[in-house]
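Reader: Could you take me through one part of this model up close? I'd like to see the annotated site and then whatever is built around it.

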Amino acid sequence: MTQIFSPSTLLLVDDEPHIVSLLSTLIKRSFSDRIRLEVMTDPRQALARIEEGGLDILLTDLQMPLVSGLDLLRAARRRSIATEVIFLTGQSTQEALLEALENGASDYLLKPVNDHQQFVELIEQYHARQNRWRQALGDTWRRRKAPSETAL
């Protein structure tokens with residue numbers, strides 16, 4: 001079995017620049033060689049970025065002006081079922097959290113993110129999950145391809 005561990009691409013979206021600054025610092029410090037980090041404070045730009053594809057993890061505020069975290073979740077799901085979507089929330093309603101779960105959210109964190117170790121462990125968990133999926137898909141692709149190569 002071949003190991004495939006390429007960097008995951010994580011998009012961090014929050015309209016509060018100080019949250020983006022704190023979390024991007026934690027991610028860079030802990031995952032600089034394993035996660036390609038993209039940060040945005042404008043959810044409209046994030047929506048356009050999601051439509052381009054290639055995201056492994058979306059870490060987004062749930063409540064933002066103009067485009068909500070739920071809008072970003074739906075866009076991410078349309079683009080790829082494999083994208084992990086983790087919400088950051090400070091004052092969400094039970095209905096919003098239930099809607100996030102029903103639409104396939106992977107997890108959520110309460111703001112402010114004071115427990116930095118818990119945050120790093122959560123990102124590590126989803127990064128490792130993405131690598132397991134890549135490994136499984138790569139192995140399946142190689143097994144399917146192998147018989148046709150031997151026929152040549």
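Author: Here is the site, followed by the sheet and then the helices.

A quick note on the basis: this is a predicted model, where local features need pLDDT of at least 70, side-chain atom pairs count only at pLDDT 80 or more, and totals for chains, interfaces and linings use all residues. Residues are numbered from 1 along each chain as its sequence is written, and side-chain values use heavy atoms, with hydrogens and water left out.

So, D61. An unreviewed UniProt entry lists D61 under "modified residue: 4-aspartylphosphate"; UniProt positions are in the numbering used here, feature names are shortened, and annotations may be inferred rather than shown by experiment. D61 sits in strand β3, residues 57-61 (strands are DSSP runs of E, at least two residues, and helices are runs of H or I, at least four, numbered from the N terminus). With a relative accessible area of 4%, D61 is buried (under 20%, using a 1.4 Å probe and protein chains only). Setting aside neighbours within four places in sequence, D61 is in contact with V13, D14, D15, E16, G69, F87, L88 and K111 (contact is heavy atoms within 4.5 Å).

Now the sheet. Five strands make an open, parallel sheet, ordered β2-β1-β3-β4-β5 (two strands pair if DSSP finds at least two bridges between them). At the edges are β2 (35-40) and β5 (107-110), each pairing on one side only. Four bridges join β4 (residues 84-89) to β5, and L88, one of the D61 contacts, has L109 in β5 as its bridge partner. Helix α1 (residues 17-31) packs on this sheet, touching β1 (8-13), β2, β3 and β4, and its direction makes about 170° with that of β2 (angles run from 0 to 180 degrees between N-to-C directions, and axes are lines fitted to C-alpha atoms, for helices over the stretch in contact).

On to the helix pairs. G69, another D61 contact, falls in α3 (residues 69-79), which packs against α2 (residues 43-52) at about 10°, axes 9 Å apart. That makes the two roughly parallel (under 35 degrees). Among the residues making the contact are L47 and I50 of α2 and L72 and A75 of α3.

The axes of α3 and α4 (residues 94-102) come within 10 Å and cross at roughly 5°, so α3 is roughly parallel to α4 too. Here L70, L73 and R74 of α3 meet A96, E99 and A100 of α4.

Notes
Buried means under 20% relative accessible area, exposed over 50%, partly exposed in between (1.4 Å probe, protein chains only). Angles under 35 degrees count as roughly parallel, over 145 as roughly antiparallel, 65 to 115 as roughly perpendicular and the rest as oblique.
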